[in-house]
Amino acid sequence: MKITFIKPNMGLVAGRPYYDRGRMEPLTFAVLAGLLPADIECVLYDDRYERIPYSEVTDMVCINVEIYTARRSYEIADRYRRQGVKVVLGGFHVSMIPDEAAQHADCLMLGDAEEVFPQLVNDFAAGRLKNSYQGHFPPRLDGLRTRWDIFAGKSYLPLRLTQFSRGCPNHCRFCATGSLYQQTHCYRPPAEVAAELAEQPHDFVFFVDDNIVAQPDAAKELFRLLIPQKKRWIGQASLSFVDDAELMDLMKRSGCAGLVVGFESTSPENLKQMGKNCNMHLDSYAPVIEKIRDVGFQLWAAFLMGCDADDTASIKKTVQWAIDQKFCFAAFNILSPYPNTPIYGEMLEQNRLLYDKWWLDERYHFGDCVFRPARMTPDELTEICFWARRQFNHPVNIFKRAFDFKTNAKDLWSLATYFAYNPLFRRELFKKHGMVLGYQHK
Ligand code: B12
Ligand code: SF4
């Protein structure tokens, strides 16, 4: 049997597919392929830079669907189904809004696939594929065997992606993880993760966990095992780790080079609306940032712009603050309510959404505001968010931010990473701004 995995692209820029030069290996498929017996042939096509060979013979197509790729995913699914090929859709967006995805699939994979994907494939082989399969949570995550070999010959950034844990104990009101995992968190046996990484030739690893420090004792066990491997790693973490000196020390000794941290906003009112409880107890970000600088981690600071206390002046202030902190990278994301999150429900109830389903709407462009903000017009929010990205990534500011001798310029490797990725991300932000989602437009 042959299974074709597809990682869909987002859409078109000036009538042509958007090709992301900063793309990373799509870990999801290495995990899915690893759940299957070796005699099942698995191939991967990455629509983010490859053409999909629709005429190639295959038994089943499996597509990973996220909100920004939903429209393109459905186009691909519809085309395969017209050719008579069975299509399975899975991923966050499918689990959040299954009724929509069901219109484009023979079968839906809802939730985590570890315990059900082999059954799904068996049922397909026996001709009794069901309409949907519901993954259990927490899934059993021991004994996994990630099949990174499906990326052979593909072109991705030179870092290995892996995952130690799933879910998050927090429930931020805008976040799909918060809604899907309902404040639960589980992890793989640390020794298995360490053993798997020891076999990898890569000396740079990205842990895609939503919150790698969610269970500090387990994280410490993993970090202790990573120390002798002398790899560098990056990950995502909520700010709780700063209160645990032992954890911070182990992170550093195990090779932590940098972290994606959701600061989201400097306004307590906004943090309250977001339900960002893990940041709300902090009087100020200054002491935590200082502690993180002291251990030398480079920060990728994430901000969410457009909550009710934001106006153009407050956003400008936040951007200047981010520049002054000399963050290595920052994402200024515009608040974009995802279906079935509390913030989506709130906007719907208050009749503030501008589109029925913005992620499928032809009028929507990447970076557009999709709701009525409290203190700005939607266009003002769109403009100020694009300005925020341009300003933070302006060549003068890239240069200014580089010279933090505790982080970005602490050694040659950090400085080289800084100057390799800042211009790349800057180019991508201009390229993708205004992209339309999907390829087929009237
Ligand atoms: C790593 C990551 C990234 C990386 C990309 C990595 C890559 N390979 O390209 C970076 C940082 C670049 C990134 C970017 C973005 N991301 Co992102 N990302 C993630 C993150 C943290 C992990 C994804 C991952 O690899 N998981 C590990 C794998 C093993 O798990 P999984 O994908 O969930 O798959 C499991 C199941 O869902 C299931 N499954 C999944 N797909 C399928 C398909 C089939 C057929 C089957 C059977 C099963 C199945 O099987 C797997 C095993 O159980 C997720 C959050 C998360 N917890 O997953 C967000 C997440 C997917 N990202 C998200 C978003 C919004 C974005 C951005 C749009 C952000 C932005 N504003 O720019 C961009 C653009 C994404 C794009 N498509 O181009 C959202 C999507 C929300 C939604 N409702 O769809 C998420 C869920 C974050 C969140 N909490 O809101 N992202
Ligand atoms: S801490 Fe991060 S991953 Fe967890 S619910 Fe909040 S935004 Fe989502």
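This report describes the domains, a small sheet, the aromatic contacts and two selected residues of a predicted model.

**Domains and their interface**

The domain assignment of the protein divides it into domain 1, residues 2-134, and domain 2, residues 157-437. Between the C-alpha centres of domain 1 and domain 2 the distance is 27 Å. Contacts across the boundary involve 27 residues of domain 1 and 35 residues of domain 2. The size of an interface is often expressed as the accessible area lost when the parts come together. Here domain 1 and domain 2 bury about 2,900 Å² between them, and 62% of that area is on carbon and sulfur atoms. On the domain 1 side, Tyr68, Arg71 and Met96 lose the most area to domain 2, together accounting for 26% of what that side buries.

**A three-stranded sheet**

An open sheet of three strands is arranged in the order β3-β2-β17, and its pairing is antiparallel. Strands β3 (16-17) and β17 (436-437) each have a single partner strand and stand at the edges, so one side of each is left without a neighbour in the sheet. Strand β2, residues 11-13, is joined to β3 by two bridges, and the two strands run antiparallel. Valine 13 has arginine 16 of β3 as its bridge partner.

**Aromatic pairs and charges over rings**

The whole structure contains 34 aromatic pairs. In one of them, tyrosine 418 and phenylalanine 419 have ring centres 5.1 Å apart and planes at 80 degrees; an angle over 60 degrees counts as edge-to-face, so this pair is edge-to-face. Tyrosine 418 is buried, with a relative accessible area of 0%, whereas phenylalanine 419 is partly exposed at 33% relative accessibility.

Another pair is formed by tyrosine 421 and phenylalanine 425, whose ring centres are 5.8 Å apart; their planes are at 35 degrees, so the pair is tilted. Both residues belong to helix α17 (residues 412-432), where they are four residues apart, about one turn of the helix. Tyrosine 421 is buried, its relative accessible area being 16%.

Ring pairs also link Tyr68, Tyr344, Tyr355, Trp358, Trp359, Tyr364 and Phe366 into a cluster. Tyr68 of this cluster is also among the domain 1 residues that lose the most area to domain 2.

Two arginines that lie over the faces of aromatic rings are listed below.

| Arginine | Ring beneath | Distance from ring centre |
|---|---|---|
| Arginine 72 | Tyrosine 439 | 3.6 Å |
| Arginine 390 | Phenylalanine 386 | 4.8 Å |

**Two charged residues in their surroundings**

Glutamate 100 is found in helix α4, residues 98-102. With a relative accessible area of 3%, glutamate 100 falls under the 20% limit and therefore counts as buried. Leaving aside residues up to four places away in sequence, glutamate 100 touches Ala70, Tyr74, His93, Lys357, Trp359 and Leu360. One of these contacts, Trp359, is also a member of the aromatic cluster.

Lysine 291 lies in helix α12, which covers residues 286-295. Its relative accessible area is 41%, and lysine 291 is accordingly partly exposed. Residues up to four places away in sequence again being left out, lysine 291 touches Val242 and Met248. The C-alpha atoms of lysine 291 and alanine 245 are separated by 9.7 Å, the two residues being 46 residues apart along the chain.

Note on methods:
Residues are numbered from 1 along each chain as its sequence is written. Chains are lettered from A and ligands numbered from 1 in the order in which they are written. This is a predicted model: local features need pLDDT of at least 70, side-chain atom pairs count only at pLDDT 80 or more; totals for chains, interfaces and linings use all residues. Side-chain values use heavy atoms; hydrogens and water are left out. Two strands pair if DSSP finds at least two bridges between them. Rings of Phe, Tyr and Trp (its six-membered ring) pair if their centres lie within 6.5 Å; planes under 30 degrees apart count as stacked, over 60 as edge-to-face and the rest as tilted. Buried means under 20% relative accessible area, exposed over 50%, partly exposed in between (1.4 Å probe, protein chains only). A charge sits over a ring if NZ of Lys or CZ of Arg is within 6 Å of the ring centre and within 35 degrees of the ring normal. Domain bounds come from an automatic or database domain assignment. Contact means heavy atoms within 4.5 Å. Buried area is the accessible area (1.4 Å probe) that two parts lose on being put together, summed over both.
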